[in-house]
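Please examine the sequence and the three-dimensional model shown here before reading on. The account moves from the chain as a whole to individual residues.

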Amino acid sequence: MRARGAQVTDIVILVVAADDGVMKQTVESIQHAKDAQVPIVLAINKCDKPEADPEKVKKELLAYDVVCEDYGGDVQAVHVSALTGDNMMALAEATVALAEMLELKADPTGPVEGTVIESFTDKGRGPVTTAIIQRGTLRKGSILVAGKSWAKVRLMFDENGKTINEAYPSMPVGIVGWRDLPSAGDEILEVESEPRARQVVDWRKYEQEQEKNKESLKLIEEKRKEHQEAHRKAREKYGTLHWKERSLIKYKEKKQQQPLKLKERVERESNVLPIIIKGDVDGSVEALLDIMDTYDASHECELELVHFGVGDISENDVNLAETFHGVIYGFNVNAANVIQQSAAKKGVKIKLHKIIYRLIEDLQEELSSRLPCNVEEHVIGEASILATFSITEGKKKVPVAGCRVQKGQLEKQKKFKLIRNGHVLWKGSLISLKHHKDDISVSKTGMDCGLSLDEEKIEFKVGDDIVCYEEKEVVAKTSWDPGF
C-alpha cells in the first residue's frame, strides 16, 4: 500500500513521532519514496510531549540520506502536533511552496485519467472507489474503465462525503456507478461510450484468460512428462517379470496405498488451518494476502486460504467455513447477529478485528493451537552414586545404587534417568527407594538412599548421576514470523 501511494503522489509527507524516532515503517516509507523518485517533506509529530526530541529524529534520518535543511540538505522539516494542531498550517505552506518550486501542473482538459486508491462495497451504493484524478475533469455521466470493470458515474463525493458535480486533477473523489469492484491501484481511463467500455473490459478479460490458459498448458505439459516418465519406469520394472509375479507386486503396492484410518485422517486434518478473509476495502484484503504470502511454516501446520473478499461476513462465508472446517477472519467488517447465530450453530469461528497486527497475532495463536504440545523436562532433584551392591529377592539378584542427594529431592513416583559422562543411559521409574532399611517416598538434599530401577540389565558405576524429573506439556508456538 505504501509503495502504491508513493507511485501515485507528487510529494510524500513523512510523519515521524518525536518520541519514538525512526522505526521500521519509517525506513520502508523512505525507500518507497526513493524508488518512486518523489520529494519528501518531513513532519515531526507529537512535539507537544515533554519527552519529544525532534533533533534526535533529524540526526537518525541522516543515516537514510534524508538530510534536513538544518543540516544543509533540501528536506523541509516542520514540528507539528496532530493532537493540538500546532504548525499544521506551516506544514501545508511548506508543501505548497515545494509544489510551486517543482512547478507541479496537470491538464484539466481531455479524457480523464486517474488511479484507484481504494475500493469497497457500500450496502446502499454498491461498489464504490476512492480515486485521485491525475488528468482531465471528471463529471457525472462519464464512462470509466479500471482493470476489468467499468462504470457510468452516477454520483461523486469529496473527502468529507459532500456530493460534487466535477472533480479536477489532484482531487480525491469517491465514485459510485461501477458494475464490478476494481482493485486498488488500477488505472482509471475515460472512454467515449458504454459499448466501448464493455469492449475494453471483455478484451482485458480475454487477455487474462489467455494468459491463464498458457500457464495451465505449461502445467499440463509438465504433468504429462511426469506421467510418461513414471509409465516408462513402470514398464522397465515389470517388463521382465512373469505375470504372476507382476500381479503380486501390484497387489502389495495397492495394499500399501489403502485409505487413511480414521485416527490418521483426523490427525492430518488437524494439521491444516483453512481460513476465509473478509476486509472492509480492497487494500486491506491485499495487505492481509501479502502477509499470508510470507507464511513459511507449512511443515508444522498447513495454512489454506479458502476464500477472500470485500464486505461484511455473509451466510455464504459461514457455509464455506463449515464445509472446509475453517475459521473466518474479518478486518474492519461486521457480522450480523443472524450470521453469528448461524455460525455458532454450525461450529464456525468468526474472529473480527480492527487492528491488522491483532488479527495476525490471533492467526498465529490459532496456528499454534493446531500444533502438538511440546514435552519439557523439569528437574526435581539430582543424586550421585557413591556405592553399588546387589540384594537377593527370591531367586534373582537386584542391583542397587547407594546414592546421596546433591540437589533438590528424589520422589519415588516421578521419572528418573541415569547419566554417565554426560550421556543418558536409561530413562524410567524406580522399583524401590530406601533409607537404610525403610521404604521412603521422598529423599531430600543431603540424605543417603538406596534405589533400584525397573531395568535389571543396567549396571551402576560409582560416579554416575541419577536425575529425578517430571514431564510437562507446553503449548507449542508456530515458527512463522510475519516480520512485525
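The paragraphs below describe overall form, surface and charge, cysteines, and two loop residues.

This is a predicted model, and its protein chain comprises eleven helices and 25 strands. How does the radius of gyration of the protein chain stand beside that of a compact globule of 484 residues? Such a globule would have a radius of gyration near 23 Å, whereas the protein chain has 35 Å. Along the principal axes, the C-alpha atoms occupy a box of roughly 110 × 80 × 50 Å. Among contacts in the protein chain with a separation of 6 or more, 69% join residues that are 24 or more positions apart.

The next topic is burial, surface and charge. Of the 484 residues in the protein chain, 37% are buried. The exposed area of the protein chain is about 29,700 Å², and carbon and sulfur atoms contribute 50% of that area. The protein chain carries 70 positive and 81 negative charges. The mean position of the positive charges lies 10 Å from the mean position of the negative charges.

The cysteines may be considered next. A disulfide is a covalent bond between the sulfur atoms of two cysteines. The structure contains zero disulfides. Why does Cys-68 form no such bond with Cys-47? The sulfur of Cys-47 is the closest cysteine sulfur to that of Cys-68, yet the two are 12 Å apart and therefore too far from each other for a bond. Cys-68 has a relative accessible area of 1% and is buried. Cys-449 likewise takes part in no disulfide. Its nearest cysteine sulfur belongs to Cys-403, at a distance of 5.1 Å, while the cut-off for a disulfide is a pair of sulfur atoms within 2.5 Å. Cys-449 is also counted as buried, with a relative accessibility of 6%.

Two residues merit attention for their backbone geometry. His-325 is not a glycine, yet its phi is positive, at about 55°. Where in the chain is His-325 found? His-325 sits in the loop that connects helix 9 (315–324) with strand 15 (327–331). Because its relative accessibility is 57%, His-325 counts as exposed.

Asn-421 also has a positive phi of about 55° without being a glycine. Asn-421 is located in the loop between strand 19 (415–420) and strand 20 (423–428). Is Asn-421 buried or exposed? With a relative accessibility of 71%, Asn-421 counts as exposed.

Definitions and conventions:
Residues are numbered from 1 along each chain as its sequence is written. This is a predicted model: local features need pLDDT of at least 70, side-chain atom pairs count only at pLDDT 80 or more; totals for chains, interfaces and linings use all residues. Side-chain values use heavy atoms; hydrogens and water are left out. Helices (H or I, at least four residues) and strands (E, at least two) are DSSP runs, numbered from the N terminus. The radius of gyration is taken over C-alpha atoms; the globule rule is 2.2 Å times the number of residues to the power 0.38. Buried means under 20% relative accessible area, exposed over 50%, partly exposed in between (1.4 Å probe, protein chains only). Contact means heavy atoms within 4.5 Å. Accessible areas come from the Shrake-Rupley method with a 1.4 Å probe; for residues, only the protein chains shown count as cover. Lys and Arg count as positive and Asp and Glu as negative; His and the chain ends are not counted. The place of a charge is taken as NZ of Lys, CZ of Arg, CG of Asp or CD of Glu.
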